[in-house]
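Q: Please take a close look at one of the two chains, and set the other beside it where that helps. I would like the charges dealt with first.

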Amino acid sequence: MRSATAVIKQKFTPPPSCDLKGRPFVNKPSLRKKLAEYKRHPFSLVMLALVILSALITAAIVLWIVIHVIIQGAPNLKASLFELEYDSENLSLMPAFFNTLIIAGMALIIAVPIGVAAAVFLTEYTSSTNKFVAVVRMAAETLAGIPSIVYGIFGMILFVEMLFKGFSLIAGILTMAIMILPLVMRTTEEALRAVPDTFREGSFALGAGKLRTIFRVVLPSAMPGIIAGVILAFGRVVGETAALIYTSGTVKAVPDSLLGSGETLAIHMYTLSSEGLHVNEAWATAIVLILLVLVINGAAEFVSNKFRKKY
Amino acid sequence: MINNDLKQIGYTRGDKVFPKFRVKDLDLFYGNFQALKSVDMDMEANEITALIGPSGCGKSTFLKTLNRMNDIVPGCRVSGSVLLDGTDVYGGMDVNLLRKRVGMVFQKPNPFPSSVYDNIAYGPKTHGVRKKSELDDIVESSLRQAAIWDELKDRLKKSALGLSGGQQQRLCIARALAVRPDVLLMDEPTSALDPISTGKIEELAQELKKEYTIVIVTHNMQQAARISDKTGFFLLGELIEFGATDEVFDSPRDKRTEDYITGRFG
């Protein structure tokens, strides 16, 4: 026996172009009718063409780059590129790959809690007219707009020259953490502001305190937005070269400790191509870099869908 | 004699007998604007007290002083006293425990963006209930009390945001009941709902007053007349008239009350 809903669904699935009685749908005009309509409003047609064109240009550029990278890089994706140790024969990208994960991961571990906590303070503990909040927000906005090379020089003077006496992963990690901190803070702040006050009121009215309301109601509701910010931050670290060349250096190996120097994938690509001898391998590295970003994006999408499904 | 009668329903403290809520000489300011002017009101247990008046008259503001939800509003200052069972809620009482005892339902249904079950269980968990079986019992009994168990028992794990407006509002009532309050404050609980859902909520309020003290703010005078035992009429921050609902509607003492309920303004 079929369930009632299945029968109903089947009964009301209309054929694509006409209803059950064979009449055409009157609210879905044909293309010719639509064009006739546009004849009366030619400017609308121009605007329509422009917005479609803009969307196409954007998509086409992305596609062009990806396809170009794949065409150039795919033939050069040899197994030797993925050997664990780098030498001048195999030109392995694996040390750089691991360094990338270490630097990005640790920078996020440092910057995300601070950024989220700062955003919680700004949105949940202060009123919008507060002078101090205005100063913090302006500082964050300014920091977010500073070119990354400035962070690089700053990191070099503070971490490389003064603190750790040499290029090191930890110098790169701390520099990256400082660089993405305002980004994480701003995106989290926006996500928190998007949580309706009625959720907070509902929680307070049940006798929940401020902390419980923040952790059980506000942060979970804002989670998709927060995760989106974390992805952006990850992407910035993975794509960073200038600031890292001055801090974590260009050694093609995974160092024994965080105090050793090591390069990331983006820098690996830069050195390979700038030396001019191994441009093919640089293209292959680009594929891996793009894949890494795609995988992280996908994983984040998955996590954030999990959250959304729960609600 | 009167004292003895009161003892049946009221709360004794020493020799004094208190109603559920006793509000005395309450003033409230938003910045420099005085929103409540010297309000005195007693609300008895197991009664429905309705607060009516035109928009901006202070009735919702007054309601929110009872569970101190006004504390959240920046620039809001309160003076006077609000006694719950004889204890001043503004006198060093833990605000979270106060709100556990005095639940609230808002104008717009505001379920959390989580499952039906988690919505109800949130309150009890907040106040220390951890055992799964106990939470299950609370969820079922609260939903039953809010007359929505039959509709929702098969979708406890589904999102509360997928419910209709009327169901959401009854879910919010169930959520408020789940922490076992003494008092239920309702801030225009049916203004966003259709007539059928409104009827259900009104029936529910009648049922709930057997166990709870209910204070309801409403724009709908028929609603106040239908369901309440006492009615208070607010105008420009003043409590103009307060008494048994029949008397307020049939033979109002103040001209302004009469004008309002006969629809001459507001």
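How many positive and how many negative side chains does chain B have, and how far apart do the centres of the two sets lie?

A: The model is predicted, so local features are described at a pLDDT of at least 70 and side-chain atom pairs at 80 or more, while totals for chains, interfaces and linings use all residues; side-chain values rest on heavy atoms, without hydrogens or water. Residues are numbered from 1 along each chain as its sequence is written, with chains lettered from A and ligands numbered from 1 in the order of writing.

Chain B has 36 positive and 37 negative side chains, and the centres of these two sets are 6 Å apart (Lys and Arg are positive, Asp and Glu negative, with His and chain ends left out; each charge is placed at NZ of Lys, CZ of Arg, CG of Asp or CD of Glu). In chain A, by comparison, there are 27 positive and 19 negative side chains, and the corresponding centres lie 22 Å apart.

The fold of chain B is built from eleven helices and twelve strands (DSSP runs numbered from the N terminus: H or I of at least four residues for helices, E of at least two for strands). With a radius of gyration of 19 Å, close to the 18 Å that the globule rule gives for 266 residues, chain B is as compact as a globular protein of that length (the radius is taken over C-alpha atoms, and the rule is 2.2 Å times the number of residues to the power 0.38). The C-alpha atoms of chain B occupy a box of roughly 50 × 45 × 45 Å along the principal axes. Chain A, on the other hand, has twelve helices and zero strands, and its radius of gyration is 26 Å, where a compact globule of 311 residues would be near 19 Å. The C-alpha trace of chain A spans about 80 × 60 × 55 Å along its principal axes.

In chain B, 54% of the 266 residues count as buried (under 20% relative accessible area, with over 50% being exposed and the range in between partly exposed; 1.4 Å probe, protein chains only). In chain A, buried residues make up 38% of 311. The accessible surface of chain B comes to about 11900 Å², and 48% of that area belongs to carbon and sulfur atoms (Shrake-Rupley method, 1.4 Å probe; for residues, only the protein chains shown count as cover). For chain A the area is about 18100 Å², with 70% from carbon and sulfur. As for how chain B is connected internally, 67% of the contacts between residues at least 6 apart in sequence join residues at least 24 apart (a contact being heavy atoms within 4.5 Å).

One residue lets this be followed in detail. Ile138(B) lies in helix H5, residues 132-145 of chain B, and with a relative accessibility of 12% it counts as buried. Leaving aside neighbours within four places in sequence, Ile138(B) is in contact with Pro124(B) and Val129(B), as well as with Ala178(B) and Arg180(B). Ile138(B) and Leu177(B) are separated by 39 residues in sequence, yet their C-alpha atoms are 9.3 Å apart in space.

Two loop residues of chain B deserve attention for their backbone angles. Most residues other than glycine have a negative phi. Glu188(B), although not a glycine, has a positive phi of about 45°; its place is the loop between strand E9 (183-187) and helix H8 (195-208), and at 8% relative accessibility Glu188(B) counts as buried. Leu236(B) likewise has a positive phi, near 50°, and is found in the loop between strand E11 (230-235) and strand E12 (238-244), but at 64% relative accessibility this leucine counts as exposed.

Finally, the cysteines: over all chains the structure holds zero disulfides (pairs of cysteine sulfur atoms within 2.5 Å). The sulfur of Cys76(B) is 16 Å from the closest cysteine sulfur, that of Cys57(B), which is too far for a bond. Cys76(B) counts as buried because its relative accessibility is 19%, and Cys172(B), at 3% relative accessibility, also counts as buried.
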